[in-house]
Amino acid sequence: VTRRRYPYSFGCKNILLPYNAVNAHSVNLLQMYPIDVDIVMDKRGSDPWDEILVISELLLLNPGIATYIVVTTRRIVLFEVYTAAPPKKLWQIEFSEDVEIKSSVENYRHSGYILRINCSPV
């Protein structure tokens, strides 16, 4: 049995959240792929570590590939985690005053849903 130590998940006001394997793995992925410090220091004048996890979801769409959708107070990120390879960050949208983000959830076929995220300059 291999043991892994995942980082703790903290919510608003640094309150420790109950353990959730998806949230713990998502926080680990966020630490592997941090926000660019130049962008963070430009707009907000704070460090990239005060990013708070809002919600994360794990989708098992293909065998051997786990897809994580992670929403924080600073960005939305999509990760793919493979069983035999290192994880990849597919894309991310960073929240800023220069970008307008719209989202919608729609029904798809019999038992599916689509999350649409549109990002456009203001």
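## Arg75 and its surroundings

In this predicted model, the side chains of Arg75 and Gln92 are joined by a polar contact of 2.7 Å. Arg75 belongs to strand β3, which covers residues 75-82. Its relative accessibility is 0%, under the 20% limit, so Arg75 counts as buried.

Which residues is Arg75 in contact with, once its neighbours within four places in sequence are left aside? They are Leu30, Tyr33, Pro34, Ile35, Glu51, Val70, Gln92, Ile93, Glu94 and Phe95. Gln92, the partner in the polar contact, thus appears in this list together with Ile93, Glu94 and Phe95. Tyr33 is also among the contacts of Arg75, and this tyrosine takes part in the ring pairing described next.

## The aromatic pair

One aromatic pair is found in a search of the whole structure. Its members are Tyr33 and Phe79, whose ring centres are 5.7 Å apart and whose planes meet at 40°. With an angle that is neither under 30 degrees nor over 60, the pair is classed as tilted.

The two residues come from distant parts of the chain, 46 residues apart. Tyr33 is located in the loop between α1 (21-32) and α2 (37-43), while Phe79 is located in strand β3. Strand β3 is also the element in which Arg75 is found.

Are the two partners buried or exposed? Phe79 has a relative accessibility of 0% and therefore counts as buried. Tyr33, at 23%, counts as partly exposed because its value falls between the limits of 20% and 50%.

## A nonpolar patch on the surface

Tyr8, Phe10 and Leu16 make a nonpolar surface patch of about 330 Å². One of these residues, Phe10, lies in the segment before α1. Phe10 counts as partly exposed because its relative accessibility is 38%.

## The protein as a whole

The protein contains two helices and six strands. Along the sequence these elements follow the pattern α-α-β-β-β-β-β-β.

Of the 122 residues in the protein, 27% are buried; Arg75 and Phe79 are among the residues that count as such. Considering contacts with a separation of 6 or more, 28% are accounted for by residues 24 or more positions apart. The accessible surface comes to about 9,000 Å², and carbon and sulfur atoms hold 55% of that area.

How values were computed: Residues are numbered from 1 along each chain as its sequence is written. This is a predicted model: local features need pLDDT of at least 70, side-chain atom pairs count only at pLDDT 80 or more; totals for chains, interfaces and linings use all residues. Side-chain values use heavy atoms; hydrogens and water are left out. Helices (H or I, at least four residues) and strands (E, at least two) are DSSP runs, numbered from the N terminus. Buried means under 20% relative accessible area, exposed over 50%, partly exposed in between (1.4 Å probe, protein chains only). A polar contact is a pair of N or O atoms within 3.5 Å; within protein, one must be able to donate a hydrogen and the other to accept it, and residues adjacent in sequence count only if both atoms are side-chain atoms. Contact means heavy atoms within 4.5 Å. Rings of Phe, Tyr and Trp (its six-membered ring) pair if their centres lie within 6.5 Å; planes under 30 degrees apart count as stacked, over 60 as edge-to-face and the rest as tilted. Patches are made of residues with over 30% relative accessible area and no salt bridge: like charges are joined within 9 Å, nonpolar side chains (Val, Leu, Ile, Met, Phe, Trp, Tyr) within 5 Å. Accessible areas come from the Shrake-Rupley method with a 1.4 Å probe; for residues, only the protein chains shown count as cover. A salt bridge is a side-chain nitrogen of Lys or Arg within 4 Å of a carboxyl oxygen of Asp or Glu.
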